[in-house]
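User: I'm new to this structure and would love a close look at one part of it. Could you pick a starting residue and walk me outward from there?

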Amino acid sequence: MLRLILSGFFAYAALSCVIPIIPSYASSLGASVLLSAIAAGVFALVPALAMTPFGFLSELYGRRRFLVGGALTSVFASFLYLQSNTPSLLIFSRTLHGLGSALYVPSLNALVADISEEGKRGEAIGRLQTALMLGFFAGPLAGGLVSDLYGMKYTFILALFFSLLALTLLVGVRDSCKPKDMARPKLIFPKELASFYAVMFVGTATSSSLALFAIPYYAPDMGLSPQQAGILVAVLFFFSALIRIPAGIMADMAGRGLVAVFGMAVTAIGLFSATKSDLIFLFLASLLCGAGNGIVNTAVFAAASDYENRGYAMGLANTVLNAGIFVGTALAGYMAGFLSYQSMMLTLAVVTLAFSPLTLPKRFGRIFKVER
């Protein structure tokens with residue numbers, strides 16, 4: 001169990017350590033603003049499309065082969081970063097890293113659940129999710145620092161190192177049961193969760209616009225070094241990780257819907273704070289967007305776990321999450337073509353707030369439970 005959790009930490013650190021430099025590096029290679037935004041968020045496109053089917057296939061053919069295949073793909077993608085001398089090759093490398101994540105993450109979650117005690121399965125998943133988000137916290141922090149001290153190329157070497165650690169930790173890992181013994185998933189779309197998926201998509205898209213594009217891209221204009229940009233991005237992921245256990249308790253006590261609304265409101269306040277480009281306000285924006293995103297996502301995953309076909313429902317939640325990351329960063333790059341930074345943040349805050357009420361329960365204050 002510990003090796004799987006550590007492998008997940010390093011896999012997410014490898015994926016995220018290049019976040020502070022990707023937009024500016026793509027721009028230095030001659031990419032347009034929109035293309036730089038696509039380079040920043042394209043790693044989430046493949047998982048958005050493939051996580052659910054790969055999760056199903058791991059049920060049929062075993063977790064380990066998808067886990068190891070994903071880790072190997074991530075190692076190769078990290079190596080390709082070092083060879084990327086054109087925007088197209090950089091985008092391809094980032095896309096390939098996203099493919100590795102799509103292979104790796106569903107199998108990692110499923111295998112941790114498989115080997116956990118039934119009465120402690122939620123605790124085990126909570127620990128894994130915290131480790132993954134801490135990887136997203138440590139990655140940008142380390143990547144920004146390395147870039148600041150030694151240059152962008154060394155950040156790509158760091159990504160390769162983290163990827164190799166994630167792969168090495170999988171040596172000796174086996175499936176907990178044979179594929180033929182695993183339950184066959186059912187393809188029934190959970191209509192009751194549509195509003196939850198909608199708020200997760202919007203909340204993830206707007207906060208990703210800030211963390212994955214706006215902060216790294218506008219950092220030079222705001223007088224921020226790569227290290228400072230990395231710290232701001234890391235703060236977002238750290239508070240997203242930190243809030244998840246309390247958010248889960250809140251979701252059990254107050255209901256999934258109300259907690260999701262609260263998380264969206266916190267995210268909107270964070271985006272309003274980001275309209276001020278001072279370092280203190282940007283720190284506050286990262287803190288609030290991270291906390292708000294963590295609250296929303298925890299509430300949505302809790303609602304998905306209430307559903308009868310929870311594996312499928314949680315797979316769809318992962319798909320929506322990654323779709324939001326890609327769409328948010330690409331949309332931010334498009335908006336940057338005709339809006340100022342301040343106007344972009346204000347627009348994103350208003351959109352987030354407008355979508356907040358979607359998950360309100362029918363009777364305000366009543367604990368909301370998803371009907372099976």
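Analyst: Happy to! Let's start with S273, which is buried, as its relative accessible area is 12% and the cut-off for buried is under 20%. Please keep in mind throughout that this is a predicted model.

Where does S273 sit? It belongs to helix α12, which covers residues 256–273. Setting aside residues up to four places away in sequence, S273 touches F281, L284, A285 and L288.

One of those partners, A285, leads us onward, since A285 is also touched by L210. Again not counting residues up to four places away in sequence, L210 touches I215, P216, L271, A274, A285, C289, Y341 and M345. Two names in that list are worth holding on to: Y341 and M345 join L210 as the residues with the most contacts inside the largest nonpolar core. That core has 88 residues. Helix α6, residues 87–115, supplies its largest share, with nine residues. There is also a second, separate core of 25 residues, and V296, A302, A303 and A313 are among its members.

Now let's turn to helix α9, which spans residues 194–218. Its partner here is helix α3, made of residues 33–41. In general, two packed helices are described by the angle between their axes and the distance between the axes. For α3 and α9, the axes come within 9 Å and cross at roughly 125°. That angle makes α3 oblique to α9. The crossing of α3 past α9 is right-handed. On the α3 side, the contact is made by V33, S36, A37 and A40, while α9 contributes L212, F213 and Y217. What kinds of residues are these? Six are nonpolar, one is polar and none is charged.

To finish, here is another residue of α3: I38 lies in this helix. Is I38 buried or exposed? The answer falls in between, because I38 has a relative accessible area of 23% and is therefore partly exposed. Leaving aside neighbours within four places in sequence, I38 is in contact with I91, F326 and A330. The pairing with I91 spans 53 residues along the chain, and the C-alpha atoms of I38 and I91 are separated by 7.6 Å.

So the walk has taken us from S273, buried in the model, by way of L210 in the largest nonpolar core, to I38, which is partly exposed.

Note on methods
Residues numbered from 1 in each chain as written. Predicted model: local features only at pLDDT ≥ 70, side-chain atom pairs only at ≥ 80, totals over all residues. Heavy atoms only, no water. Axes fitted to C-alpha atoms, helices over the stretch in contact; angles between N-to-C directions. Helix = DSSP H or I, 4+ residues; strand = E, 2+ residues; numbered from the N terminus. Parallel < 35°, antiparallel > 145°, perpendicular 65-115°, else oblique. Left-handed = near helix turned anticlockwise from the far one by under 90°. Contact = heavy atoms within 4.5 Å. Nonpolar A, V, L, I, M, F, W, Y, C, P; charged D, E, K, R; others polar. Buried < 20%, exposed > 50% of the residue type's maximum accessible area, 1.4 Å probe, protein only. Core = buried A, V, L, I, M, F, W, Y, C linked by side-chain atoms within 4.5 Å.
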